[in-house]
Amino acid sequence: MTDQLTSRVAEVRARIERARESAGRSDPVTLVAVTKTYPADAVRSAVAAGIPDVGENRVQELEEKVAAVGRREARWHLIGHLQRNKVSKALPLFDLMHSLDSHRLARELSKSAVAAGTPARVLVQVNASGEESKSGFAADEAVEGIARICELPGLVVEGVMTMAPFTDDERVLRQTFARTARVQEAAARQLTGFHARYLSMGMSNDFEIAIQEGSTLVRLGTVLFGERDA
Ligand SMILES: *Cc1c(COP(=O)(O)O)cnc(C)c1O
């Protein structure tokens, strides 16, 4: 697996570079390898191929892979919706959570982080497309939502995340990413407790557009590991 992955990583990094250059950007873009549905070996291969950041969307699977690979062998990103009853289980397993999508979850996470004595690093999820099926704060309410989250103890808010609609319509994708980038900029300008470290946007089918619209972190699965089984 590692050999094929190494060449795919090189290709993907080249595409990331080209997208950055086309947008005239010089700031770095972090690559997170999304290993969901793949075995723990995918995590080891990603690390061996030079990607120390891996993403999982389910707590159960995250837990299994952390146990198999080792908590300190990779930087673990929780990128999927977290149920409130799984907060204390999830907390010690991730380095950065991308999917803080409600105040109720934020309060639960805050409580658990304070009790554990370790701050939780989070990104706030923005539903920039307005799709019913997507969780997160509506774009026009997101800055206010982030402000309230920043007031909670035990949380370090390091940016925002979005998922674009599943479409090839470049205009829709651009709009979604640009809207999210504006939330990040407004939050950075207005909120003292907000650290604009990561703008997490872009998946296999849209990451170049996301980078052109300002993404500093892309979450890629398919383009690295191949299609997942349904
Ligand atoms: C699965 C997933 C990804 C990766 O998707 P690909 O299309 O395989 O690159 C990125 N972000 C989130 C939140 C995901 O659930």
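These exercises work through the pockets and the ligand site of a predicted model.

**Exercise 1. State the volume of the largest pocket and describe its lining.**

Step 1. Take the volume. The largest pocket holds about 610 Å³ of space.

Step 2. Take the lining. It comprises 28 residues. Lys-36, Met-163, Met-203, Arg-219 and Arg-228 lie nearest the pocket centre.

Step 3. Sort the lining by class. Nine residues are nonpolar, 12 are polar and seven are charged.

**Exercise 2. Do the same for the second largest pocket.**

Step 1. The volume here is about 160 Å³.

Step 2. List the lining. It runs through Arg-71, Leu-91, Pro-92, Phe-94, Asp-95, Ala-116, Thr-118, Pro-119, Ala-120 and Arg-121.

Step 3. Sort by class. Six of these residues are nonpolar, one is polar and three are charged. Arg and Asp count as charged, so Arg-71, Asp-95 and Arg-121 make up the charged set.

**Exercise 3. Locate the ligand and name its shell.**

Step 1. Place the ligand. It sits in the largest pocket.

Step 2. Name the surrounding residues. They are Val-34, Lys-36, Ile-79, Met-163, Met-203, Ser-204, Arg-219, Leu-220, Gly-221, Thr-222 and Arg-228.

Step 3. Sort the shell. Five residues are nonpolar, three are polar and three are charged. Gly counts as polar, so Gly-221 joins Ser-204 and Thr-222 in the polar set.

Step 4. Compare with the pocket centre. Lys-36, Met-163, Met-203, Arg-219 and Arg-228 appear in the shell, and these residues also lie nearest the centre of the largest pocket.

**Exercise 4. Find polar side-chain contacts to the ligand, then give its buried share.**

Step 1. Set the cut-off. A polar contact needs a pair of N or O atoms within 3.5 Å.

Step 2. Check the ligand oxygens. A polar side-chain atom of Lys-36 is 2.7 Å from one ligand oxygen atom. For Ser-204, an N or O atom of the side chain lies 2.5 Å from a ligand oxygen atom.

Step 3. Check nitrogen. Arg-219 places a polar side-chain atom 2.8 Å from a nitrogen atom of the ligand.

Step 4. Turn to area. Alone, the ligand exposes 390 Å². The protein buries 92% of that.

Notes. Residues are numbered from 1 along each chain as its sequence is written. This is a predicted model: local features need pLDDT of at least 70, side-chain atom pairs count only at pLDDT 80 or more; totals for chains, interfaces and linings use all residues. Side-chain values use heavy atoms; hydrogens and water are left out. On a 1 Å grid over the protein atoms alone, a cavity is a set of points where a 1.4 Å probe fits but cannot get out, and a pocket is an open set with protein on both sides within 12 Å along at least five of seven lines; lining residues have an atom within 4 Å of a point. Grid points are joined across faces, edges and corners, and a volume is the space filled by probe spheres set on the points. A residue is near a molecule or strand if one of its heavy atoms lies within 4 Å of it. A polar contact is a pair of N or O atoms within 3.5 Å; within protein, one must be able to donate a hydrogen and the other to accept it, and residues adjacent in sequence count only if both atoms are side-chain atoms. Accessible areas come from the Shrake-Rupley method with a 1.4 Å probe; for residues, only the protein chains shown count as cover. A molecule sits in a cavity or pocket if more than half of its atoms lie within 2 Å of its grid points.
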